[in-house]
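User: I would like to go through this model by question and answer, with the reasoning laid out before each result.

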Amino acid sequence: MAIFIQQLINGLTLGSIYGLIAIGYTMVFGIIGMVNFAHGDVFMVSAFVALLLFMIFTTLLNWALVPALLVVLVLAMAITGLWNWTIERTAYRPLRGSFRLAPLISAIGMSILLSNLIQVIQGPRNKPVPPMFTQVIPIYEENGYVAGIGYKQIVIMVVTAVLLALFWYLVQKTPLGRAQRACEQDQKMAALLGIDVDRTISLTFVMGAALAAVAGVMYIMYYGVVNFADGFVPGVKAFTAAVLGGIGSLPGAVIGGLLIGLIETMWSAYFSIDYKDVAAFSLLAITLVFLPTGLLGRPEVEKV
Amino acid sequence: MSTEMSAPSSPFPLVKSLKQAGFVGMVMFGLCVPIVAFRAEQNMNNQLVLQSRWWLTLVFCVLAMIGSFLFSLYTHQKSNKAHSSAPSTVTKALSALAPRLTPLGFACVIAYPLVMLAINGPGGSIKWIDNFGIQILIYVMLGWGLNIVVGLAGLLDLGYVAFYAVGAYAYALIATKVIPDTFPELGFWSFWICLPISGLLAALWGIILGFPVLRLRGDYLAIVTLAFGEIIRLVLINWVDFSNGYAGLTSIPRPSFFGIPFNASEEGFAAVFDLEFSPIYRTIFLYYVILALSLLTAFVTIRLRRLPIGRAWEALREDEIACRSLGINTTITKLTAFAIGAGFGGFAGCFFAARQGFISPESFVFLESAQILAIVVLGGMGSLFGVVVASIALVGGIEILRELDFLKQVFGEAFDPSQYRMLIFGFAMVLMMLWKPRGLIAHREPSIVYKEKKSIGSDMVQEGHG
Amino acid sequence: MTTISSMPLLRVEHLTMRFGGLVAVGDLSFDVARGQITALIGPNGAGKTTVFNCITGFYKPTEGRLTLNHDATHHYLLERLPDHDINWKARVARTFQNIRLFQGMTVLENLLVAQHNTLMRASGYSLLGLFNAKSYRDQADLALQKALHWLERIHLLDRADDAAGDLPYGDQRRLEIARAMCTDPLLLCLDEPAAGLNPKESLELNTLLTGIRDEGKTSLLLIEHDMSVVMTISDHVVVLDYGVKIADGTPDAVRNDPKVIAAYLGVDDDEVAEVEAEVGL
């Protein structure tokens, strides 16, 4: 029972990170119907940005931990937003009207470019982060095994919840959010009604990147180490989460993320840690084949 | 149907371009801080320390500004030229060159190893025939195989490397385990026996993997095939009893000259044909084997295109619903494309294992699928010639990087161009989509002609998924 | 010349199509007689294309039965067949409201794709074809002849090698009909074949369609808004409004039916007489 509770907590923490990344996938797909292949690598870039900023503030400028983290969070969101904005403007927007395969190939190329760029600029080795928030609050004890919830995990879950709530408000209640939902449903009509579709799409990319940056900060806090190759697998898992939850649905992405996090930790604990990535990819395949609209998605009826 | 219209020559907007360059510079600065400006490395105590590189940031910003300014000049000049909807010079040149080049190209390709041998001698030419010739031909064959799936039938397959792996591991396992145990006397023939078996196994996998997924639309099909490719690779890594995991399979027998091995012994090729022993003979033979396999792929593709199945593939690519309304069983049609493409991938995999003598799951990563897909898309629209050009450009280009030793003198001894291989490749993929989204060969030849053969421009071809 | 046999070619019984809570077609029953042209008309949104999609297999009806009778012994239940079998086995072909030609293929190629199944059999599922066997070449020739025959009939023979997407709109419509006819159907379903045609082209269309009917092998079911086409060539008219049948009979009977007039004018039945008097009918 204690193991189960621990895995539950771990799974929800991991799932929060996946959910944040998944929102980026689902929003971009919802508005322009494209799977942003490079999003996982944007997340990885954000983790590096966060790492470097953190080091600048704590070692160079000698700030204390918590204020440094807050500033790092905000700055990382801004810088990653800028990265994604640039990527969208240069690699995706020119291809928007063209051949279906072109933006996908461009995104794949961008993904390869980003991971290798980081490899070249920052070096191929793992970058360890000084550990933070190492305390754990014990919750449940059984046979000498203590299930506890770490400060880290609390921070992650709280920050995620707060940001999601902010984000939800942004999408549901503000004019920007309305414009975005309008573009998702009918781009041409939205344009005819005076909505700046280009700007809305760019902002969608920026928002997705900002949330990925939050995930990036959480990631370095949680795992304590980051590497240039860390974009691919979390990216795929987050995409699985988006599909599982229903592509195009924001709450779906979050629920999907939590589910994937739970499945991954439970699988590693109770079955085999070696095959956990196989489990993730298999889940992706199964979801796409048997449940392509996901849990909360809307089924598409094709017009003949 | 191009109408030539000359726009009035407008003066170059200098201030606007300068402002734009400034803006680009600022964006670049924002992008560079902190990733370029600082580098985190571990010091002696395994602690992370920061090194600053502001000069590099400055270089990037200046380059970006210059680049933006040059781009403004380019677009200005382009818009001042006569407007026409005719295809660009490169496309026109390549399309015109294609039919004329084929007999000449054929002769070149056949003569290539002998020419290299003559120029560089047996020792020096191994690299040219193997790393360039054979490597490019492997990718040409993989490209032609994937071309059936993506180029003709329009099915987005991001996991083609899975079939490559099936072919390679099939040969490796049969040749190192099954044949020595059960039919040891077949030893020298193992490659030739396993070649068709690898192809068939890969085609079978194509049917198994294709069946549940081929009804998915565009992007989803791409992701699911990617997932399958990764699953196969991860299983190969983890199922150590079967595949020997990361360590891979070694001592895979090389192909023989139809029963005569290429070794230094008395029954060896050199001894039988009264020549002095040299490893070059096997290399040249391998070259011709892969050449023959690729030509087989090309032949089958050309024939199938003229048959009803090939036409159905191209119709499927355009409009699946119309196909169904004409009685075409689209599931079977898609499966056929998938299976045939997979089969050729399997042949290529078998050859790859035989050429290397050693395989491991690291050779079958997603990046390979991406590379092959990039070759097919850059080639354009199901064009066989396009795939050849794209292979030479992408694969040959990347291999050439290894030869650029002179760059060491410019950037210092620690500079290793091959580190930048993948970076340049990713960059090239994005650039080529921006420049030629429909590929280099931007037109389609009809599969049957009544009176007059007319090429159809790629912008006419739809790529609807239902 | 046109014989009306006692058994209808297509019998639609209690066809209902629901999309969630919306009833697009409700309890629709009608017959398509052999050797006739039947028209399905009604205001926009009446559910006509939905009926087509059910008949041709693109939607699975929520309820109802669609029976295609080849002859006394061969019947096909269309709601049970997969869409490609509806064409190949039941021999029902269709054209689309938004033309669905293969734009990047030549006119001739479009007509050859339509003969796919026959040619696949003849090519031994490509094996005989790969080796260019004589039996395949003969069949391929026959298929080519059929395609050329139809091209001549629709006056597009001189454009056989042009991309289908290059043709003007009216030609594309005729090509789509010819492509459907190349599958040798017993029932040809046409979704708004006259849409976007000028009067001259509409007349040509009438000739083409009546010619197909008069050959005696194919019966036609068409959705149409252009009343000049409907009234001129149809033998039988079925009127839908909000997914429900409101009239069924000869063109003349339907033209004068007050319910039909009301549906098109959008007024209640009892107000029709008033409106007609105002307008001066």
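**Helix packing between the chains**

User: At what angle do helix α4 of chain A and α13(B) pack?
Analyst: The model is a predicted one, and the values that follow are computed from it. Helix α4 of chain A covers residues 101-122, and its axis lies 11 Å from that of α13(B). The angle at which these two helices pack is about 140°.

User: Are α4(A) and α13(B) oblique or roughly antiparallel to each other?
Analyst: The crossing in which α4(A) passes α13(B) is left-handed. Angles over 145 degrees would count as roughly antiparallel, and the angle of this pair is about 140°. The two helices, α4(A) and α13(B), are therefore oblique.

User: Which residues of α13(B) make the contact with α4(A)?
Analyst: From α4(A) the contact takes A:Leu101, A:Ile105, A:Ile108 and A:Ile112. By class, the contact of α4(A) with α13(B) consists of nine nonpolar residues, with no polar and no charged ones. On the side of α13(B), the residues are B:Leu367, B:Ala370, B:Leu373, B:Ala374 and B:Val377.

User: How are α11(A) and α6(B) oriented to each other, roughly parallel or roughly antiparallel?
Analyst: Helix α11 of chain A, residues 276-290, packs with α6(B) at about 150°, and their axes are 9 Å apart. The crossing of α11(A) past α6(B) is left-handed. Since angles over 145 degrees fall in that class, α11(A) and α6(B) are roughly antiparallel.

User: How many charged residues does the contact of α11(A) with α6(B) have?
Analyst: Among the residues of α11(A) that take part are A:Asp277, A:Phe281 and A:Leu288, while those of α6(B) include B:Tyr220, B:Glu230 and B:Leu234. The classes in this contact are 14 nonpolar and one polar, and the number of charged residues is two.

**The wider interface and chain A**

User: Which element gives the most to the side of chain B that touches chain A?
Analyst: In total, 50 residues of chain B are in contact with 52 residues of chain A. Elements giving two or more residues to that side of chain B include α1 (14-32), β1 (38-42), α5 (190-213) and α13 (366-379). By class, that side has 38 nonpolar, six polar and six charged residues. With 13 residues, the element that gives the most is α6(B).

User: What radius of gyration does chain A have?
Analyst: Chain A has eleven helices and four strands, and its C-alpha trace spans about 65 × 45 × 35 Å along the principal axes. Buried residues make up 53% of its 304 residues. A compact globule with 304 residues would have a radius of gyration near 19 Å, which agrees with the value for chain A, 19 Å.

How values were computed: Residues are numbered from 1 along each chain as its sequence is written. Chains are lettered from A and ligands numbered from 1 in the order in which they are written. This is a predicted model: local features need pLDDT of at least 70, side-chain atom pairs count only at pLDDT 80 or more; totals for chains, interfaces and linings use all residues. The radius of gyration is taken over C-alpha atoms; the globule rule is 2.2 Å times the number of residues to the power 0.38. A residue is buried if 20 or more other C-beta atoms lie within 10 Å of its own, exposed if 12 or fewer, and partly exposed in between; C-beta atoms are placed from the backbone. Two residues are in contact if their C-beta atoms, placed from the backbone, lie within 7 Å. Ala, Val, Leu, Ile, Met, Phe, Trp, Tyr, Cys and Pro count as nonpolar, Asp, Glu, Lys and Arg as charged, and the others, Gly among them, as polar. Axes are lines fitted to C-alpha atoms, for helices over the stretch in contact, and angles run from 0 to 180 degrees between N-to-C directions. Angles under 35 degrees count as roughly parallel, over 145 as roughly antiparallel, 65 to 115 as roughly perpendicular and the rest as oblique. A crossing is left-handed if the near helix is turned anticlockwise from the far one by less than a right angle, and right-handed if clockwise.
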